[in-house]
Amino acid sequence: MQKKRILALIDGYNYYHKINTFFETFQKPVKWINYRFLLNSILNSESDDIENASIFYFSAISTSAGEKSIIKHLTFIEALKTVNIDITLGKFKIKDIPKCREKERCSACRNITDDNDRYLRRHEEKETDVNIAIKLIEATLLDQYDKCFLFSGDGDFVPAVKRALFLKPEKKIIIVPPPPCTTEKDIPQSRYACTELIEASKNKAFLINFDKIEKSQFPNEINSAWEIDYTFKEENSKNKKNIKKSYNSIINPWQLQPEADKKLLEQKLKLLNGNTSIR
């Protein structure tokens, strides 16, 4: 029997928001996620071609959060590359939103003291949804998969999923939404808040919990040398900044350490960051 060709499309930020909330709430190691291991854990070894599964990760680097955040994100992307996950990056766009009127002020507007400032500045991730939709339609038309796992709970993908199945009704699209922020293991589908997307796929969703994500982590250190050479524009400045660093290994920047080990980790990171220049 010929095994099913597997495609996985991962909506990085859709998963990140839920994962980050869980991490901050329960202080459990869930951010260093090995998506290939996670995918393998939900595939059928008898009917699915696990070895040749194609995985695409879509995200964007937020430069507004500062250099440390950029390095963490780039470190995670480097880890994904070690398990042959293709990376497609979009970008963040600054969006100025008019503030509420005096009597209608929301919590965000009430926290701003400068009444002369008529706008709230927000950073929006752009291109990721479009990039995923394009990849799904392209892979469908080029007959590059039998089963596609869409790791997202974003309802914006409903039209793309419907179109892919209209073009090739024999294809199977399975939604794998990020789990709600709970330590429970048996979670009803209604709490995943993506009913319309699941219905569009015409398949039963694969519902994971955070216990499964916690068991799908990379080791805290991956023995692979790598470099950062990343240039970005600082917010509220016309100047560009370049981060250039060399590392001997890929270290989990979110690992939870016992208090006694924290200084040891800091010293190790310092040594690994020895070849560093920022300009």
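A residue counts as buried when its relative accessible area is under 20%, so Asp11, at 2%, is buried. Asp11 sits in strand 1 of this predicted model. Its surroundings are a good place to start. Setting aside neighbours within four places in sequence, Asp11 touches Phe58, Thr128, Asp129, Ile132, Phe151, Ser152, Asp154 and Phe157. Phe58 is 47 residues away from Asp11 in sequence, yet the two C-alpha atoms are 5.4 Å apart in space.

Stepping back to the whole chain, the protein has 279 residues, and 41% of them count as buried. Nine helices and twelve strands make up its secondary structure. Sequence-distant contacts are well represented: among contacts between residues at least 6 apart in sequence, 75% join residues at least 24 apart. As for confidence, the average pLDDT is 86, and 78% of the residues score at least 70. Residues 275-279 fall below 50 in pLDDT, though in the model this stretch still has 16 contacts beyond near neighbours in sequence.

Next comes the sheet that strand 1 belongs to. Five strands form an open sheet in the order 3-2-1-6-7, and the pairing is parallel. Strand 3 (86-89) and strand 7 (172-175) are the edge strands; each has a single partner, so one side of each lacks a neighbour in the sheet. From one strand to the next, the twist averages 20°.

Strand 6 has partners on both sides in that order. Strand 1 (residues 6-11) runs parallel to strand 6 and is joined to it by five bridges, while strand 6 (residues 147-151) pairs with strand 7, again in the parallel sense, over four bridges. Particular residues show how the register works out. Ile6 has Lys147 as its bridge partner in strand 6, and Lys147 in turn stands opposite Lys172 in strand 7. Cys148 is bridged to Ile173 of strand 7.

How well is strand 6 covered? Five of its five residues are buried. In a regular strand, side chains alternate between the two faces of the sheet. In strand 6 both faces are covered, with Lys147, Phe149 and Phe151 buried on one side and Cys148 and Leu150 buried on the other. Phe151 also turns up among the contacts of Asp11, and Lys147 is a buried lysine.

Lys172, the residue opposite Lys147, also gives a link to a loop further along the chain. Lys202 lies between helix 7 (195-201) and helix 8 (210-214). Lys202 and Lys172 are 30 residues apart in sequence, with 8.4 Å between their C-alpha atoms. At 71% relative accessibility, Lys202 counts as exposed.

On the helical side, helix 5 (residues 128-141) and helix 6 (residues 158-167) make a neat pair to look at. Their axes come within 10 Å and cross at roughly 5°, which makes helix 5 roughly parallel to helix 6. Helix 5 brings Ala133, Leu136, Ile137, Thr140 and Leu141 to the contact, and helix 6 brings Ala160, Val161, Arg163, Ala164 and Leu167. Sorted by class, that contact has eight nonpolar residues, one polar and one charged.

Helix 3 (residues 67-81) supplies another buried site, since Thr75 is located there. Thr75 has a relative accessible area of 6%, so it is buried. Apart from neighbours within four places in sequence, its contacts are Trp32, Trp226, Ile250, Ile251 and Pro253.

Finally, a couple of backbone oddities. Most residues other than glycine have a negative phi. Asp143, however, has a positive phi, near 55°. Asp143 belongs to the loop between helix 5 and strand 6 and is partly exposed, with a relative accessible area of 37%. Ala193 also has a positive phi, near 55°. Ala193 is found in the loop between strand 7 and helix 7, and its relative accessible area of 62% makes it exposed.

Note on methods
Residues are numbered from 1 along each chain as its sequence is written. This is a predicted model: local features need pLDDT of at least 70, side-chain atom pairs count only at pLDDT 80 or more; totals for chains, interfaces and linings use all residues. Side-chain values use heavy atoms; hydrogens and water are left out. pLDDT is the predictor's confidence in each residue, from 0 to 100. Contact means heavy atoms within 4.5 Å. Two strands pair if DSSP finds at least two bridges between them. Helices (H or I, at least four residues) and strands (E, at least two) are DSSP runs, numbered from the N terminus. Axes are lines fitted to C-alpha atoms, for helices over the stretch in contact, and angles run from 0 to 180 degrees between N-to-C directions. Angles under 35 degrees count as roughly parallel, over 145 as roughly antiparallel, 65 to 115 as roughly perpendicular and the rest as oblique. Ala, Val, Leu, Ile, Met, Phe, Trp, Tyr, Cys and Pro count as nonpolar, Asp, Glu, Lys and Arg as charged, and the others, Gly among them, as polar. Buried means under 20% relative accessible area, exposed over 50%, partly exposed in between (1.4 Å probe, protein chains only).
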